[in-house]
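Colleague: Could you take me slowly through one part of this model, the surroundings of the ligand? I am new to reading structures, and I would like to see how the pieces fit together.

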Amino acid sequence: GAKALGRGAWCFYDEAMTQAARERLTLEARLRRALAEGELRLYYQPQVDIASGRIVGAEALLRWQDPDEGLISPDRFIPVAESSGLIAPIGQWVLEEACRQAQQWLTAGLPALTMAVNVSPRQFLLGDLVAGVGQALSQSGFPANFLELEITESAMAERPEQALALLNRLGDLGLRLAVDDFGTGYSSLAHIKRFPIDVLKIDQGFVRDIPESADDMAICSAIIAMGHSMGFAVLAEGVETPAQLDFLRERGCDNYQGYLRSRPVPPDAFEALLRAQSV
Ligand code: C2E
Ligand code: MG
Ligand code: MG
Ligand code: MG
């Protein structure tokens, strides 16, 4: 909806305003319009079970289809959305669209998939995430236990007590919770232990240089072993080569995502991947 788009939309032009601030404002205004005009898209990347090779989930990844510039990547506009407050309505749109799409695939008879949705730190800590998730689930009819929220370590570490309470409420809805970019943040293992987490996602930075980097292989092995001993599933991000996949399989990693299997793709292409494996 167009309501609650947040404050800060308008600002008088000021000679002193830096070039960067002007560009940011332009981007913010354009992003606000993109949301209203329906220029945001979700792409989906398969999450693959390493043992069977089957697609067991999808991560929804946001894209902005700008009429002039073409496809704009989230690294360029999520920070602007975060600092302007636009992340709340954008994040809600992502939740609703991902659940709608996943439920549509379910009712089309495709195998049930986990749908993983990224939640930004600010959306996590400030927004009414529980109500937003509840709304996305009820209006789509998508089952809560197939929805997974990806939250970064930093969002959890910033205000651990608030995060714990929120994660417990989300867990009570029946959702799954994943720690995104695991290993790059500053969460303490003591916090991780108390959180109702289901999945650790090993950051792609630790996967990229396998098998050349002995250190990265040691880190991945340690995360897999620790995650399993704490009862979490472990997913590796950014898998691009067969050698990386072989290493992860040998270490007992559960799932992976990466260009080796597929880049993030538009919904119809993702559906084709699913149909190809269900025959
Ligand atoms: P992320 O959640 O860690 O997503 C993984 C990123 O790695 C994606 O970039 C994906 O396209 C990319 N990737 C996947 N496989 C490979 C691979 O094999 N090699 C390499 N080099 N990269 C790979 P993308 O789609 O550009 O998204 C970047 C980040 O933007 C995401 O990182 C996430 O933090 C954020 N983001 C994306 N969509 C959303 C969203 O709906 N909401 C929020 N809050 N953040 C989002
Ligand atoms: Mg993610
Ligand atoms: Mg989870
Ligand atoms: Mg990640």
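Modeller: What follows is a close look at the ligand site, and then at a few backbone details in the elements mentioned along the way. Please keep in mind throughout that this is a predicted model.

Let us begin with the place itself: ligand 1 sits in the largest pocket, and of the 22 residues around the ligand, the ones that come nearest are Arg63, Asn118, Asp180, Glu240 and Tyr259. If we sort this shell by class, we count eight nonpolar, six polar and eight charged residues.

Several of the contacts involve oxygen atoms of the ligand. Asp180 places a polar side-chain atom 2.9 Å from an oxygen atom of ligand 1, and Glu237 likewise has a polar side-chain atom 3.3 Å from a ligand oxygen, whereas Tyr259 takes part through its backbone, with a polar atom there lying 2.8 Å from an oxygen atom of ligand 1. Ligand 1 taken alone would expose 800 Å², and 84% of that area is buried by the protein.

Which elements each supply at least two residues of this shell? They are β2, spanning 55–66, α2, spanning 74–84, and β6, spanning 176–182, and among the contributors it is β2 that gives the most, with four residues.

Two of these elements deserve a second look, and we can start with the helix. In α2 the buried residues are Pro74, Phe77, Val80, Ala81, Glu82 and Ser84, and just after the end of α2 comes Gly85, whose phi is positive, at about 90 degrees.

In strand β6 we find Asp181, which is not a glycine and yet has a positive phi of about 55 degrees. To see what to compare this with, it helps to know that most residues other than glycine have a negative phi, and that most peptide bonds are trans. Is Asp181 buried or exposed? Asp181 counts as partly exposed because its relative accessible area is 25%, a value in between the limits of 20% and 50%.

The second half of that general remark has its own counterpart here, since the peptide bond from Ile210 to Pro211 is cis, with omega near 10 degrees. Pro211 belongs to the loop between β7, residues 199–202, and α9. Helix α9 itself covers residues 214–229 and contains Ser221, which counts as buried because its relative accessibility is 16%, under the 20% limit. The side chain of Ser221 reaches the backbone oxygen of Met217, at 2.8 Å.

Note on methods. Residues numbered from 1 in each chain as written. Chains lettered and ligands numbered in written order. Predicted model: local features only at pLDDT ≥ 70, side-chain atom pairs only at ≥ 80, totals over all residues. Heavy atoms only, no water. Near = heavy atom within 4 Å. Polar contact = N/O pair within 3.5 Å; in protein donor to acceptor, adjacent residues only side chain to side chain. Areas by Shrake-Rupley, 256 points an atom, 1.4 Å probe, with all protein chains shown as cover. 1 Å grid on protein atoms, 1.4 Å probe; cavity = no way out; pocket = protein on both sides within 12 Å on 5 of 7 lines; lining within 4 Å. Sits in = over half its atoms within 2 Å of the grid points. Nonpolar A, V, L, I, M, F, W, Y, C, P; charged D, E, K, R; others polar. Buried < 20%, exposed > 50% of the residue type's maximum accessible area, 1.4 Å probe, protein only.
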